[in-house]
Amino acid sequence: MAEKWDLYEINRVKTGEVIERGEQIPSGRFRLVVHVCIFGSDGRMLIQQRQPFKEDWSNLWDVTVGGSAVSGDTSQTAAEREVMEEIGLPISLDGERPRFTVNFDVGFDDFWFVKRDVDISALKLQYEEVQAVKWAAKEEIFAMIDSGEFIPYHKSFIETVFLFSGQVGTIDNHCRTVN
């Protein structure tokens with residue numbers, strides 16, 4: 001059965017329209033994508049290597065998980081489902097919000113952050129999506145971008161992901177004075 005996506009207006013209001021994966025998204029309509037970045041207590045991010053037979057970004061490393069919200073999903077349920085599907089890790093994002101959203105031509109990409117020390121040997125990787133996982137520091141990811149092993153995100157974006165892994169909002173709470 002084909003995957004179905006809800007469509008949204010520019011202000012992220014559902015239109016009630018649904019399309020199948022692979023169909024062209026109509027002008028003025030958008031879809032929802034989610035990414036979840038899992039960080040260990042040592043500050044490293046869990047990253048995954050995409051399968052060699054994947055159509056997009058085959059064999060490249062990426063942030064922990066990512067995928068499309070399917071029809072009926074909220075951003076939260078899509079994020080929880082993607083983590084479970086791709087690496088077999090149950091998570092709850094109750095009471096959480098995405099740290100930020102990156103808009104792209106035909107959609108909204110919500111980035112969720114999780115702090116958890118995960119035993120990667122206990123993960124159940126989804127064969128269709130993920131061939132390997134490992135922990136990586138920001139500098140390792142920069143080197144992997146340079147060598148062509150990682151999806152070619154802007155390094156400033158990866159810097160932002162690591163910066164926001166430890167805080168909510170855009171104000172550095174360590175520099176804030178309270179009167």
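How much area does the protein chain expose, and what share of it do carbon and sulfur atoms supply? The chain exposes about 10200 Å², and carbon and sulfur atoms supply 49% of that area. Colleagues, please keep in mind throughout that this is a predicted model.

Let me begin with the overall architecture. The protein chain contains nine strands and three helices. Read from the N terminus, the order of elements is β-β-β-β-β-β-α-β-β-β-α-α. The C-alpha trace spans about 50 × 45 × 30 Å along its principal axes. For 179 residues, a compact globule would have a radius of gyration near 16 Å, and the 17 Å of the protein chain agrees with that. Of these 179 residues, 44% are buried. Among contacts with a separation of 6 or more, 59% join residues that are 24 or more positions apart. As for charge, the chain carries 30 negative and 19 positive side chains, and the centres of the two sets lie 3 Å apart.

I turn next to the aromatic residues. A search of the whole structure finds 12 aromatic pairs. One of them joins Phe53 and Tyr127, whose ring centres are 5.4 Å apart; the planes meet at 40 degrees, so this pair is tilted. Phe53 sits in the loop between β4 (45–50) and β5 (61–62), and Tyr127 in the loop between β8 (107–115) and β9 (130–136), so that the pair links distant parts of the chain, 74 residues apart. Are these two residues buried or exposed? Phe53, at 45% relative accessibility, counts as partly exposed, while Tyr127 is exposed, with a relative accessible area of 56%.

A second pair is formed by Phe100 and Phe113, and its geometry is edge-to-face, with 5.8 Å from centre to centre and 70 degrees between the planes. Phe100 belongs to strand β7 (residues 100–104) and Phe113 to strand β8, so the pair ties together parts that are 13 residues apart in sequence. Both Phe100 and Phe113 are buried. These two rings also take part in a cluster linked by ring pairs, which comprises Phe39, Phe100, Phe111, Phe113, Phe150, Tyr153, Phe157, Phe162 and Phe164.

Three members of that cluster, Phe157, Phe162 and Phe164, bring us to helix α3. In this helix, residues 155–164, the buried residues are Phe157, Ile158, Val161, Phe162 and Phe164. What covers them? The cover includes the strands β3 (31–39), β4, β7, β8 and β9, together with helix α2 (138–147).

Finally, I would draw attention to Gly107 and Phe30. Gly107 lies in strand β8 and is buried, with a relative accessible area of 1%. Which residues does Gly107 contact, leaving aside its neighbours within four places in sequence? They are Phe30, Arg31 and Val102. The C-alpha atoms of Gly107 and Tyr8 are 8.3 Å apart in space, although the two residues are 99 residues apart in sequence.

Phe30, for its part, is found in the loop between β2 (14–20) and β3. At 13% relative accessibility Phe30 counts as buried, because the cut-off for that class is under 20%. From C-alpha to C-alpha, Phe30 and Leu7 are 5.4 Å apart, with their positions 23 residues apart in sequence counted as separation. With neighbours within four places again left aside, the contacts of Phe30 include Asp6, Leu7, Tyr8, Glu9 and Ile10, as well as Asp105, Val106, Gly107 and Phe108.

Key:
Residues numbered from 1 in each chain as written. Predicted model: local features only at pLDDT ≥ 70, side-chain atom pairs only at ≥ 80, totals over all residues. Heavy atoms only, no water. Helix = DSSP H or I, 4+ residues; strand = E, 2+ residues; numbered from the N terminus. Rg over C-alpha atoms; globule rule 2.2 N^0.38 Å. Buried < 20%, exposed > 50% of the residue type's maximum accessible area, 1.4 Å probe, protein only. Contact = heavy atoms within 4.5 Å. Areas by Shrake-Rupley, 256 points an atom, 1.4 Å probe, with all protein chains shown as cover. Lys, Arg positive; Asp, Glu negative; His and termini not counted. Charge placed at Lys NZ, Arg CZ, Asp CG, Glu CD. Phe/Tyr/Trp six-rings, centres within 6.5 Å; stacked < 30°, edge-to-face > 60°.
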